[in-house]
Amino acid sequence: MMDHMIEYDRRSPSSIEAYAQRLIGKTFREIIEEDERKQRMRREGMASYENADVSEAKRNKGNLGQIIEERFFHYECNSDSRADFHEAGVELKVTPYKINQNGSLSAKERLILTMIDYYQVVGETFEESHLWNKSKLILLIYYQYRKEIRYNLDYKIGYSRLFTPPEQDVRIIRHDYYIIVSKIKAGKAHELSEGDTLYLGAAPKAATSKDRRRQPFSDELAKPRAFAFKSSYMTYVLNNYIVPGKATYEPIVQDGSVDSFEDYVVEKIDRYRGYSINDLCMEFNIKIEKRPKNLEAILAYRMLGIRGNHAEEFEKAGVVVKTIRIGKNDRIKESMSFPTFRFQELIKEDWEDSTFGNYLRETRFLFVVYKFDKNDVLRLRGCQFWNIPYEDLENDVKSVWERTKQVILDGLQVTMVNGTKRNNLPKASENPVCHVRPHAQDTYELPDGRQYPKQCFWLNNTYIYQQIDENIKV
């Protein structure tokens, strides 16, 4: 495109952002049509855009970003390793959000930043990395995803703002970066998981599930991955940095001066190690006679200095707080449940992109552990961050998921044993890591039309006990 057509200063971030404000309220189709009118260009090449439906957009999400680059900012899309507006140090990212049923906003997906070059990244510091060059100043174009819209060109842009991660976030992003790099240096690029980290993830990024690439310190081939801001982080960015006037959550770290956020959390909770539930209720002015169901979780937030039940850093990272009770017999009574699944949706999934598999791949948990002493008094033992080990997920959990899918496809079998209905879904006795059983009285429809009680995946209580650090069990 000719320079005289450009209506912004490529060297100025503020000029780029001001020009991008014109996108708000427009669909991608309107952007193309407006560009056509301005330039009196022939509609040559438009077919590939106009026929692009939602399924194609999922295969080639770059389409929408390319429209913004070429039809609005008037520069040719390229694979240059520099930032898109390198004169201003600004990277352009186009990403979807959705409006939930309760009216809240959430990011629809993680934000891919740049591919991970396993050979290059092990020799870079965070500050000199390709990742930081692509993420220190981003022009975020958020468009609203609506499943009833057939063509991706009809999605409407809702927000357009420059974003720089604040310093307290950069500390955690930097720490996440080095966790990922250290795993690659250990020859474990094939074991990378988004659950390893908090804000910055190593997201799978391949054309097919069978794609693999070499890594420098192991002969094991690894999945292609990209550095990405997690969807939980992008949701927080949207609600607290992009949309004006939104209330923020309370931060755990007040001054942003800690080197390791996770160590800081563990240390804060460990200060109360040995306190009984009653001691903690007195410490934080919680009335014992009105014990809420989630009391142990509430106490965890109070120990971290949070007055409500949402911590800023946990919201950004998608950290799930799970409280665990160990009996005085050194056993955990309850297995750990997860959201129910719909039979007819599960059978349409593949393991590589399954709802349950992705949840475990992407989620980092904070286990807050309490234990009954010899006098049956429940006392705090400590906490630990945890995500499921790669081998456990890709072997035991995968086998349970695949068998569950096959049972549903073959037709769930229900028999009567001693007056109780039994099914042939995987049992806790059949797998060391997880199983399937009901979690509610409501029903979902099976593929054959029968209604059957809702089921969910559970991590076995014996498995959870094995995952707890020995110093916490004692």
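Which residues of helix 12 are buried? They are Leu 295, Glu 296, Ala 297, Ile 298, Leu 299, Ala 300, Tyr 301 and Met 303. The model that shows this is predicted. Helix 12 spans residues 295-303, and 8 of its 9 residues are buried. The helix is thus mostly covered.

What covers it? The buried residues of helix 12 pack against three helices: helix 10, helix 11 (277-283) and helix 13 (312-317). They also pack against strand 10 (320-326), strand 12 (365-372) and strand 13 (378-386). After helix 12 comes Gly 305. Its phi is positive, near 85 degrees.

Now step back to the whole chain. It holds 18 helices and 17 strands. Its C-alpha atoms fill a box of roughly 80 × 55 × 50 Å along the principal axes. The radius of gyration is 25 Å. A compact globule of 474 residues would have a value near 23 Å, so the chain agrees with that expectation. Buried residues make up 51% of the 474 residues. Contacts reach far along the sequence. Of those with a separation of 6 or more, 69% join residues 24 or more positions apart.

The surface and the charges come next. The accessible surface of the chain is about 23,700 Å², and carbon and sulfur atoms account for 45% of it. There are 73 positive and 72 negative side chains. The centres of these two sets lie 5 Å apart.

Inside, the largest nonpolar core has 70 residues. Phe 314 and Leu 366 have the most contacts within it. Helix 8 (residues 167-185) gives the most to this core, with 7 residues. Apart from it lies another core, of 38 residues. Leu 360, Tyr 444, Phe 457 and Ile 468 are among its members.

Stay with Phe 314 for a moment. Setting aside residues up to four places away in sequence, Phe 314 touches Ile 252, Phe 261, Val 265, Tyr 301 and Leu 304. Its partners also include Val 319, Val 321, Leu 366 and Phe 385. Tyr 301 is one of the buried residues of helix 12.

Val 265 gives a second view of these contacts. This residue lies in helix 10 (residues 261-270). How buried or exposed is Val 265? Its relative accessible area is 0%, so Val 265 is buried. Beyond its neighbours within four places in sequence, Val 265 contacts Ile 252, Leu 304, Phe 314, Leu 366, Cys 383 and Phe 385. Asn 460 is 195 residues away from Val 265 along the chain. Their C-alpha atoms are separated by 26 Å.

Two loop residues deserve a look at their backbone. Asn 285 sits in the loop between helix 11 and helix 12. Its phi is near 55 degrees, a positive value in a residue other than glycine. Is Asn 285 buried or exposed? Its relative accessible area is 71%, and the cut-off for exposed is over 50%, so Asn 285 is exposed.

Asp 330 lies in the loop between strand 10 and strand 11 (336-341). This residue is not a glycine, yet its phi is positive, about 60 degrees. Its relative accessibility is 36%, so Asp 330 counts as partly exposed.

Definitions and conventions
Residues numbered from 1 in each chain as written. Heavy atoms only, no water. Core = buried A, V, L, I, M, F, W, Y, C linked by side-chain atoms within 4.5 Å. Buried < 20%, exposed > 50% of the residue type's maximum accessible area, 1.4 Å probe, protein only. Helix = DSSP H or I, 4+ residues; strand = E, 2+ residues; numbered from the N terminus. Contact = heavy atoms within 4.5 Å. Rg over C-alpha atoms; globule rule 2.2 N^0.38 Å. Areas by Shrake-Rupley, 256 points an atom, 1.4 Å probe, with all protein chains shown as cover. Lys, Arg positive; Asp, Glu negative; His and termini not counted. Charge placed at Lys NZ, Arg CZ, Asp CG, Glu CD.
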